[in-house]
Amino acid sequence: MDLFTLCGRIHLPGEIQEKVMDYYKTADFGPTESLRERLKSRDTEARARRELEEILEPDPGKIKMLTYMLLCGAELYHWYEEKGIPEEIFFDTMGCFSRFIEECREKTGMYAFDREWWTGRQISGNLFRIGELEYEMIDDGRKRVSIHIPSDAVLTREKCDVSMEAAESFFARYFPDYRDKDYVCHSWLLAPELKALLPEDSHILDFQRRFRIQEVDYQGQEYVEWVFKTGNARVADYPENTRLQKSMKKYLQEGGKIGNGFGVWIKN
């Protein structure tokens, strides 16, 4: 898989694709080849990325880092082929790069790459998008599959059922060590407070009911980015364009808190 083909197949915004290809055509990747290899491993990715960031400076919009990450993704295509993983899953998984760049534009008004701290999961072959949802293999002494919810996911019961059933088959076939392991989720979507802020027939609440909530963390504020799409810390300035934004903003102004729930998928 070459870089140009990958950029096209994941519909990377034209403005960013042009910058990526311009850098790719002029850069000398030889001296940093070992770092690129280390980016592909979850064990070495974080340190390699920090070292690479220093070498690539200045890197406005992190186009250089994006190019390295995309190259790693393109090279991973052959690993997908060897394992027999469907091409559709590869391109859906690598589509995160385009999605993140669009999310950055929506939040800041500018195209840029600001998720280099996250995409090591995709380029190391640890996270896969299967239908509406993403699934990450976790092994911190106990193997589990962590469910992530992309911003463009449609959380209808039907689509979630299709995704989750496909994921179980996927891991049983391609990563049998994860067959029948717990599927967990840590997200603001599992916040108990949402029950008072959303209607009973909400897709979010339907998704939440799939999990046995074990704990709630009130330290993070991920909901600010995903619900209000802003980095502004002033609650008074949060937009009120959707029903959830209106009800959540009012709740927060009255002193309420929104947590990140941690839950285990209740399988049928």
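**Exercise 1. Find how exposed lysine 229 is, and describe its backbone and its place in the chain.**

Solution. Lysine 229 has a relative accessible area of 35% and is therefore partly exposed, given that buried means under 20% relative accessible area, exposed over 50%, and partly exposed in between, with a 1.4 Å probe and protein chains only. Turning to the backbone, lysine 229 shows a positive phi of about 55° although it is not a glycine. Lysine 229 sits in the loop between helix H11 (222–228) and helix H12 (243–253), where helices (H or I, at least four residues) and strands (E, at least two) are DSSP runs numbered from the N terminus.

The model is a predicted one, in which local features need pLDDT of at least 70 and side-chain atom pairs count only at pLDDT 80 or more, while totals for chains, interfaces and linings use all residues. Residues are numbered from 1 along each chain as its sequence is written, and side-chain values use heavy atoms, with hydrogens and water left out.

**Exercise 2. Locate aspartate 180 and proline 58, and state what is notable in the backbone at each.**

Solution. As background, most residues other than glycine have a negative phi, and most peptide bonds are trans. Aspartate 180 lies in the loop between H9 and S4, and its phi is positive at about 65° although it is not a glycine. With a relative accessibility of 65%, aspartate 180 counts as exposed. Proline 58 is found in the loop between helix H4 (45–56) and helix H5 (63–83), and the peptide bond that leads to it from glutamate 57 is cis, with omega near -5°.

**Exercise 3. Reconstruct the sheet, strand by strand.**

Solution. Begin with the overall order: 6 strands form an open sheet, S1-S2-S3-S4-S6-S5, with mixed pairing, two strands being paired if DSSP finds at least two bridges between them. The edges are strand S1 (127–130) and strand S5 (211–217), each of which pairs on one side only.

Next, take the pairs in turn. S1 and strand S2 (residues 133–139) are antiparallel over 4 bridges, and phenylalanine 128 has tyrosine 135 in S2 as its bridge partner. S2 and S3 are also paired in the antiparallel sense, over 6 bridges, with methionine 137 standing opposite valine 145 in S3. These two strands, S2 and S3, form a hairpin with 3 residues between them, and glycine 141 in the turn has a positive phi of about 105°.

Then comes the parallel step: S3 and strand S4 (residues 183–187) pair in the parallel sense over 2 bridges, and valine 145 has tyrosine 183 in S4 as its bridge partner. Finally, consider burial: 5 of the 6 residues of strand S3 (residues 143–148) are buried, so this strand is largely enclosed by the rest of the structure.

**Exercise 4. Judge the compactness of the chain from its global values.**

Solution. The chain contains 12 helices and 6 strands. Its radius of gyration is 19 Å, close to the 18 Å that the globule rule gives for 268 residues, so the chain is as compact as a globular protein of that length; the radius is taken over C-alpha atoms, and the rule is 2.2 Å times the number of residues to the power 0.38. The C-alpha trace spans about 55 × 45 × 30 Å along its principal axes, and buried residues make up 50% of the 268 residues.
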